[in-house]
Amino acid sequence: MAETMYPITLTVNGEKKEAEVEARTLLVHFLRENLSMTGTHIGCDTTSCGACTIILDGRPVKSCTVFAVQANGRSLRTVEGLEKDSKLHAIQDGFHQEHGLQCGFCTPGMMMTAVALLERNAAPTELEIRQAISGNLCRCTGYVNIVKAVQHASAALREAKQPVAAGRA
Amino acid sequence: MIPPRFDYQPARDLAHAFQLLAQGRGEAKILAGGQSLIPLMRFRLASPAALIDLNRIEGLAYIKENGDLRIGAMTREYELETNGTVKARYAILTETAAVIADPLVRNLATVGGNLAHADPANDHPATMLALRASVVAKSAKGERVIPIDELFVDTFQTSLRPDEILTEIRIPKPASQSGGTYLKLERKVGDFAIAGVAAYLTLDDRGAVKSAGIGLTNVGSTALRAKRAEAALVGTTADEKAITAAAAAAAAESQPTADLRGPADYKRDVVRVLTARAIRRALARAKGGS
Amino acid sequence: MGAELGGIGRSVKRKEDARFIRGRGKYVDDVKLPGMVYLDIARSPYAHAKILKIDTSKALAIPGVLAVITGNDLVPLKLAWMPTLMGDQQMVLPTDTVMYQSQEVAAVVATERYIAADGAAAIEVEYEPLPVIVDPKKALLPDAFVLRPDRKEKSNRIWHWETGDKAGTDEVFRKADVTVKEDIYIPRIHVSSIETCGIVASFDKVEGQLTVWMTTQAPHAIRTVIALVAGHLGLAEHKIRVISPDIGGGFGGKVPVYPGYVLAIGASVLTGLPVKWVEDRSENIQADSFARDYHITAEVAAKKDGTVEALRVKTIADHGAFDAAANPSKFPAGLFHIITGSYPFKKAFVEVDGAYTNKPPGGIAYRCSFRVTEAAFTIERLMDVLAIKLKRDPAELRLQNFIQPAAFPYRSALGWEYDSGDYGKALKLAMEKIDYAGLRKEQLEKRKRGELMGIGISSFTEIVGAGPSKHFDILGIKMFDSCEIRVHPTGKAIVRLGVKSQGQGHETTFGQIVAEELGIPVADITVEEGDTDTAPYGLGTYASRSTPVAGAATAVAARKIREKGRLIAAHLLEASPDDVEWKDHKYQVKGVPAKSKTMQEVAFAAYTNHPQGMEAGLEAVDYYDPPNLTYPFGSYICVVDLDRGTGEVHVRRFVAVDDCGVVINPMIVEGQVHGGLTMGLAPALYEQINYDDDGNIQGGNFMDYLLPTAMEVPSWETARTVTPSPHHPIGAKGIGESATVGAPAAIANAVVDALAHLGVTHIDIPITPWKVQAILKAKGVAE
Amino acid sequence: MRFQGALDIAAPRERVWQFVTDPLAVSVCAPDVQSVDVIDPKQFKIVVRAGVGPIRATFNLDVVFSELTAPERASVRARGQAPGSAVEMLSTMDLVEHGPERTTLRWASDVTVTGTIAQVGARLMQGTADKITQQVFTCIKSKLEAPAATGG
């Protein structure tokens, strides 16, 4: 079959990107190869591991199971966009403080899932956290410290929202 | 795992989609959530010449209640799972959506796709059978309403004509004193069911079962309605004796095969166990509990 | 200055996190070189077949496909076969026969990843299927056809290995009051680190220089292997640079050399272009080294009172089509003879037969030292089987039998010298933490109500830190490890090691050892690993050897520096070296704390004002040859509830008490335990790679190879006892793998315990719901 | 996987025999045939697209009649591959005559599928393979009875 190229325009971490892609180009490969944004990883070929998780129009999805052409005109966020003005996102600090990562390979996807969770549920219970990350596999940590990392970030974000002098939630 | 080449065809509206389907001559495939199709393409087990993308069509994703419940085919599982009305009045649907694959997949996977893909391992079919739902199929020629019992023909095969697209799911208004649940046994979270059972009961004012719906997941070449199990309940008060009879009937009606999810006998027995548990919970809900 | 120093025993936050949490880690697939091309591999659908014809024309016709490599292309290069670590040889690409499903058959090199995949799909191979053997027991039958005609020995038996006193053991069994026997199968599993394996090979034809970025746990050993295997192609070791960048988990799976690596290197040498090969998950599970696959028959002889006397074990080890196990050369069954565990058996005899089958080669660790989980699982299961037979409480029986603290150093019946231990202390602590007595009471009440709960104990002893050069080598290279420390004039330091972190946190923990030894804040220390051009030679990270061996090298190298520093300090303090001591992380004139010099002052002097006649600078290297292995241990207790309808096993609680000697970083140690426990839970309840009679892999991808998610994993409870290793410079033993080794038996014992009153003594792992439910039905207690 | 069945065909045994042993004739009953290439009366190459729903693979099959005992018994082996997968089907057909116009076709097939399809489609293989095999033989019956007005 002839190789047709499709022009796409999308917003990645607030920046407009334009490119031409093959229809079959998976979004994760577009990010890693075309945009050289290698923070988003690939861990499987069956939509099982979540290492490739990004936030597409506000929802965490597996970017290995979306074609780049489908993202045309849409807005997405990746791990590279978490840190703002050299200030870490609370989830990044949470993973560091609570030792929520070891080899670091699942971490970007894990953090993007967690960010999306905290955006719709500021104070998730342990069960809600475990359910939310059940599409992200980690082979190193046993998840216990990942749960703590999300709780850490949740507390920090809620504290930041509260008026000054207010105590830790 | 890299998918083979294909033509990407974003449909502007349904009319455009029908036109593209016609041009596709059976070699074009509808792209909804893509969470089942894209993995198949990555393994090159599916290699459609073209994908007709419904994601850009306005107005195919909605959940509205006017008498019955109407779910747009492109409604994401996440929307169904978190919808307040559904949670309050159709708990069985919330429960079903909540156990489909994993939360990331549910952000893209669609209710319509889960039915139209007709995978016997998908979870919505059994629930829709229990709820006696129907689906709306549209084509250039018009639309028709297909009762859920007539939708599933065989594994990956529905009664949708090649020129038709499933656009809406309709679920009857819940009668007073009705309730249901969906129970799924999986090897681990995110897996297809070893077996799943959906049960939906409606009681009459004397507390007897007026109607019963029981659907089974992944124990046959399609999702199955356990007719004899339903019959075993209707007219009874769903006491333990009736529940045992219904559960045994459901097990007998299931047609599991042995695979990595266990031996056939085991799956049959799981159907029995889950059916009994599902009926008990459905009954409690029909009686106003939860 | 303790806190900011960040020395031994402090939960210093990890330095490596900074890049990982920003998505700035650099893994092999992140390496992108100008002009880089991609390699993909066509694999066999058959488990055993003759190759009649390979048609590459359709692949070569695809625009962008640069080359196709088949086995016949490798023959003239003498690369069709490569040696394994165990003295066997394995195919890089087959010339006439495929030996297992998903074996590499041809490689396609193309300008893009997608085109390489199209090329691989377009390779057409004509096969003549051959009979398939997937059962090692059948492979060893006298009439079984020979799978490896290339070998002298015309048999599927790879080797027979035995150790211990056969006659003496048999004698004890003949006279024993009680004996128990169990057949235990420990299935084939796969480490499945979330990052698969990959390589970027870049050969500079002008310089004759090969640089490879590779997912390897042992970069130096790999460099030597490349030089030995491809030396005839003009690759000399000084012209080979192996870089092991960030590694997305190893667990043993990134120790071996896989055909894909060799093909990428070969392709780069032939084309002069940088070549990238990165596996898919399916390829990773289906063709890379497996773990376990041991068919074990184990027997224990004991006195009436429960005192264990002798252990007898017979094992068939399924090694697949080639013996590519990653063991020290002298140990074909790894350290399986640690199987006497925590108990003072007087006599023991262990024999293992390796067998060829039509399965992928391997026999690597699964986050455990060589074959140690197989051993620990077997002995800890057997102790419970004995307890059931004697109607004894399994905790009591263990406490009665444990090797006593006074007995260390203890020589086991199979000849290992355990360095230190206090097994009773660990078990008692675990029992107290989980309220063992209370749980037993609850269990009795529940049984009356027909509910099934079980309590499982595992009091394992590990053997790690290979190893002393008198016993341990890989391809003749002794299993020392190394550390080089340079202290800069401003008192900062760089530390380089021969091991390679894959998530264990080396950049932090090795810095902590140096901080403790030299009084340099951990923040001022850079730890570097994985580049063979800069790091000292070492054997790499696996078998929990980093802390026992490289950690020791680090402490010793630091002490060499400290000793030189003492002379410089004496010079600065105008004191006699004998009057200068290292105290509170600085040099002091004995008894005159006011007269002191910090390491920073001494470092500056080492370059600016060192004693005449003394060499300038402040650096040291140590190649550490451990005097003995280390023996971490622990006691785990697991509580499970069984669903009488579905057969599901719910892990309610799990308490893990570990003793890894002196702890460098408690936070990291706990993290290692959490991960290890999860990789113990996985094979106990979920993971298995099975093969049907046609040799089809069952569980060859993440849909069917069941890594636990956050929903399956309980909230692990951990605790610690500290029994230092007497021979390790800082008393540390290693922790990365203890939990993987100890957990499976605790879980299996808990499930069996829930059913023991019905006469159940064993269930093979993974304990699936249908295995449990079949028992419930047979015993008439199913819902 | 072993599948078997018996078909009562309203046709004389000779005709049934002719049909099931004639590459061109019998190929018509293979699923979604792309091409047939007869090498000699005993062997032919056939390209088919088999599968269910969206899962479809193109198989290049070599078919050989390994036993031909006219007009009672025929054995045929079909072996071939789709990218990443391989299939082998060993079938025997026994023809029993019941009068001039009735024949019983007793068939048995051993189907072996290896590779990607077996790995990824494991949970669907049994059903699918069974279905496809059944279809082939039911088709044979219908084709043979088609000309006969009273057929079926």
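Contacts in chain D reach a good way along the sequence: among those between residues at least 6 apart, 46% join residues at least 24 apart. Keep in mind that this is a predicted model.

Chain D itself holds four helices and seven strands, and reading along the sequence gives the pattern β-α-α-β-β-β-β-β-β-α-α. Its C-alpha trace spans about 45 × 30 × 25 Å along the principal axes. How does the radius of gyration of chain D sit with that of a compact globule? For 152 residues a compact globule would come out near 15 Å, and chain D has 15 Å, so the two agree. As for burial, 39% of the 152 residues of chain D count as buried.

One backbone detail in chain D is worth a look. D:Pro71 is found in the loop between strand E4 (55-69) and strand E5 (73-82) of chain D, and the peptide bond leading into it from D:Ala70 is cis, with omega near -5°. Chain C has a cis bond too, from C:Ile765 to C:Pro766, with omega near -5°. C:Pro766 lies in the loop between helix H19 (738-755) and H20 of chain C.

That loop between H19 and H20 of chain C also holds C:Gly759. Is C:Gly759 buried or exposed? It counts as exposed because 10 other C-beta atoms lie within 10 Å, and the cut-off for exposed is 12 or fewer. Even so, the C-alpha atoms of C:Gly759 and C:Lys389 are separated by 9.7 Å, with their positions 370 residues apart along the chain.

Now for the positive phi angles, gathered here:

| Residue | Phi | Note |
|---|---|---|
| A:His99 | about 55° | just after H2(A) |
| A:Tyr143 | about 70° | not a glycine |
| C:Glu574 | about 50° | not a glycine |

Where do A:Tyr143 and C:Glu574 sit? A:Tyr143 is found in the loop between helix H4 (126-132) and H5 of chain A, while C:Glu574 lies in the loop between helix H16 (546-572) and strand E26 (580-583) of chain C. Their surroundings are worth setting side by side. A:Tyr143 is buried, because 30 other C-beta atoms lie within 10 Å, and the cut-off for buried is 20 or more. C:Glu574 has 8 C-beta neighbours inside 10 Å and therefore counts as exposed.

A:His99 brings us to the helix it follows, H2 of chain A (residues 90-97). In this helix A:Ala90, A:Ile91, A:Gln92, A:Gly94 and A:Phe95 are buried. What do the buried residues of H2(A) pack against? Their partners are helix H3 (107-120) and helix H5 (144-161) of chain A.

Chain B comes with a domain assignment: domain 1 (7-53), domain 2 (63-171) and domain 3 (178-285). The C-alpha centres of domain 2 and domain 3 of chain B lie 19 Å apart. Their contact takes 22 residues from domain 2 of chain B and 24 residues from domain 3 of chain B. On the domain 2 side, helix H5 (91-98), helix H8 (124-131) and strand E8 (152-154) of chain B each supply at least two residues. Which of the elements gives the most to this side? That is H8(B), with six residues. By class, the side of domain 2 of chain B that touches domain 3 of chain B has 13 nonpolar, three polar and six charged residues.

Between chains, 21 residues of chain C are in contact with 15 residues of chain B. Helix H5 (113-122) and helix H20 (769-778) of chain C each supply at least two residues of the chain C side. H5(C) gives the most to that side, with four residues. The residues of the side of chain C that touches chain B divide into eight nonpolar, eight polar and five charged.

Looking at the whole assembly, five pairs of chains touch, and the most contacts are between chains A and C. Chain A and chain D do not touch, and their nearest C-alpha atoms are 10 Å apart.

Note on methods. Residues numbered from 1 in each chain as written. Chains lettered and ligands numbered in written order. Predicted model: local features only at pLDDT ≥ 70, side-chain atom pairs only at ≥ 80, totals over all residues. Contact = placed C-beta atoms within 7 Å. Rg over C-alpha atoms; globule rule 2.2 N^0.38 Å. Domains from an automatic or database assignment. Nonpolar A, V, L, I, M, F, W, Y, C, P; charged D, E, K, R; others polar.
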